[in-house]
Amino acid sequence: MIKVDHISKHFEHTQALSDVSLEIDKGEIVSLIGPSGSGKSTLLRCIHGLEHPESGKIYLEDEWMDPSDEEKFRAQRSKMGFVFQHFNLFPNMTVIENCTLAQINVLQRSQEESEKIAMQYLTRVGLAEKRDEYPNKLSGGQKQRVAIARALCLHPEIMLFDEPTSALDPEMIKEVLEVMTNLAEEGMTMIVVTHEMGFARKVGSRVVFLDSGKIVEDAPSDQFFEHPQSDRAKDFLSKVF
Ligand code: ADP
Ligand code: MG
C-alpha cells in the first residue's frame, strides 16, 4: 500500500532521515518507535506529503506521490488520515463542524451527507452527544477521539498517528488506545508513532525502529520485543521497560 523508496531529508544542519526504505502492506499495523529526534515524525510527515524528501520517492498503491502533480498529489493525500499529538482541531468550530469541513471542501460532499457521516464516526468514538460543543469544552482524550473521527470521515485507506496519546493524562490514554485498537481490529492499515509499548506489542503487527534518521530494525512485533537484534534497540527497550 505504501512504499518509501530511499528517502533522505535534512533540516539545516540536521540529517533527519538518511536513505530510508520501507514497504507497508494493506492491514498492517506498524509501530514506528525510537528515541526522540530519531526522525519518526519526519518520516510520517513525508509519507503524508506534509514534508518533501530531497531525494527518494514515496508510492501510494504503486503510484508515485509526485508533489508537482498537484491535483493527483492532493487526491493521494486525501486517502491518508493523519492524527497529531496536539489534536489540531479548529478551535472556532464545533465538533461536528470540525468533522464536516474537509468532507465538504475536499470531497465536495453535501452538508447533509457530511453531517450524516460525521455522526456515524462520532458515535463510533462515543462522542455523538458532543456534536455542538467547541473543542475547549472537551477533555484531551475527547479531543483526540474527535480528531480520529474527523480523519475517518474522509474514509482513508491508511491512518497515520504521530504520538496520539503523548499529550494526554494517563486516565485518558486508554480511551484513545481503545478507539485505535478497534480500528486495527477492523483491518485498517495504520502507522503509529508511539511510546505505548503495550499497544505496539499487543495491537501492532510490526515494529520499525529508527535511530538517527535510519531504520535500525524492522521486525514482527513479537520478535522485536522478545529478541531485539541491535544494541540500539536493546538499549532503548531497557530504558522503556
Ligand atoms: P522524532 O519525531 O523521532 O522525535 P523528528 O522527525 O521530529 O524526530 O526530528 C528529527 C530531527 O530533525 C531532529 O533532530 C529534529 O530536531 C529535526 N527537525 C525536525 N523537524 C525540523 C524542522 N522543521 N526544522 C529543523 N529541524 C527539524
Ligand atoms: Mg516526533
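Let me begin with a single pair of residues: Lys-3, whose bridge partner in strand S4 is Tyr-59. Before I go on, please keep in mind that what we are looking at is a predicted model.

That pair belongs to a longer pairing, since S1 and S4 run antiparallel and are joined by five bridges. If we step back, we find that these two strands sit within an open sheet of four strands, in the order S2-S1-S4-S5, with antiparallel pairing. The edges of this sheet are taken by strand S2, residues 14–24, and strand S5, residues 63–64, and each of these pairs on one side only.

Let me stay with S5 for a moment, and with S4, which covers residues 55–60, because a short hairpin is a good place to learn how to read a structure of this kind. S4 and S5 run antiparallel and are joined by two bridges. Tyr-59, which we have already met as the partner of Lys-3, stands opposite Trp-64 in S5, while Leu-60 has Glu-63 of S5 as its bridge partner. Two residues lie between the strands of this hairpin, and Glu-61 takes a positive phi there, near 45°. As a general reminder for anyone tracing a strand on the screen, side chains in a regular strand alternate between the two faces of the sheet.

Now to the ligand. Which residues surround ligand 1? The shell consists of Phe-11, Glu-12, Thr-14, Ala-16, Gly-34, Ser-36, Gly-37, Ser-38, Gly-39, Lys-40, Ser-41 and Thr-42. By class, these are two nonpolar, eight polar and two charged residues. S2 and H1 each supply at least two residues of the shell, and it is H1 that gives the most, with three.

Let us turn to the second sheet, which is also open but has six strands, in the order S6-S7-S8-S3-S9-S10, and in which the pairing is mixed. At its edges stand strand S6, residues 80–83, and strand S10, residues 214–220, and because each has a single partner strand, one side of each is left without a neighbour in the sheet. On average, and ignoring direction, neighbouring strands here are turned by 15° against each other. At the S10 end, strand S9, residues 206–211, pairs with S10 in the antiparallel sense over six bridges, and within that pairing Arg-206 stands opposite Pro-220. Helix H5 packs on this sheet, where it touches S6 and strand S7, residues 158–162, and its direction makes about 170° with that of S6.

H5 also brings us to the helices. How do H5, residues 140–152, and helix H3, residues 95–105, lie against each other? Their axes come within 8 Å and cross at roughly 25°, and H3 and H5 are therefore roughly parallel to each other. Their crossing is right-handed. In this contact Val-95, Asn-98 and Cys-99 of H3 meet Val-146, Ala-149 and Arg-150 of H5, which by class gives four nonpolar, one polar and one charged residues.

H5 has a further helix beside it, namely H6, residues 170–185, and the axes of H5 and H6 come within 8 Å and cross at roughly 15°. That angle makes H5 roughly parallel to H6, and this crossing, too, is right-handed. From H5 the contact takes Gly-140, Gly-141, Gln-144, Arg-145 and Ile-148, and from H6 it takes Met-172, Glu-175, Val-176 and Val-179. Sorted by class, the contact of H5 with H6 holds four nonpolar, three polar and two charged residues.

The last pair I want to show you is H3 with helix H4, residues 111–124, whose axes come within 9 Å and cross at roughly 125°. Why is this pair called oblique? An angle of 65 to 115 degrees would count as roughly perpendicular and one over 145 as roughly antiparallel, and the crossing of roughly 125° makes H3 oblique to H4. H3 passes H4 in a right-handed crossing. The residues involved include Val-95 and Cys-99 of H3, together with Ile-117, Ala-118, Tyr-121 and Leu-122 among those of H4. In total this contact divides into eight nonpolar, four polar and one charged residues.

Definitions and conventions. Residues are numbered from 1 along each chain as its sequence is written. Chains are lettered from A and ligands numbered from 1 in the order in which they are written. This is a predicted model: local features need pLDDT of at least 70, side-chain atom pairs count only at pLDDT 80 or more; totals for chains, interfaces and linings use all residues. Two strands pair if DSSP finds at least two bridges between them. Axes are lines fitted to C-alpha atoms, for helices over the stretch in contact, and angles run from 0 to 180 degrees between N-to-C directions. Angles under 35 degrees count as roughly parallel, over 145 as roughly antiparallel, 65 to 115 as roughly perpendicular and the rest as oblique. A crossing is left-handed if the near helix is turned anticlockwise from the far one by less than a right angle, and right-handed if clockwise. Two residues are in contact if their C-beta atoms, placed from the backbone, lie within 7 Å. Ala, Val, Leu, Ile, Met, Phe, Trp, Tyr, Cys and Pro count as nonpolar, Asp, Glu, Lys and Arg as charged, and the others, Gly among them, as polar. A residue is near a molecule or strand if its C-beta atom, placed from the backbone, lies within 6 Å of it.
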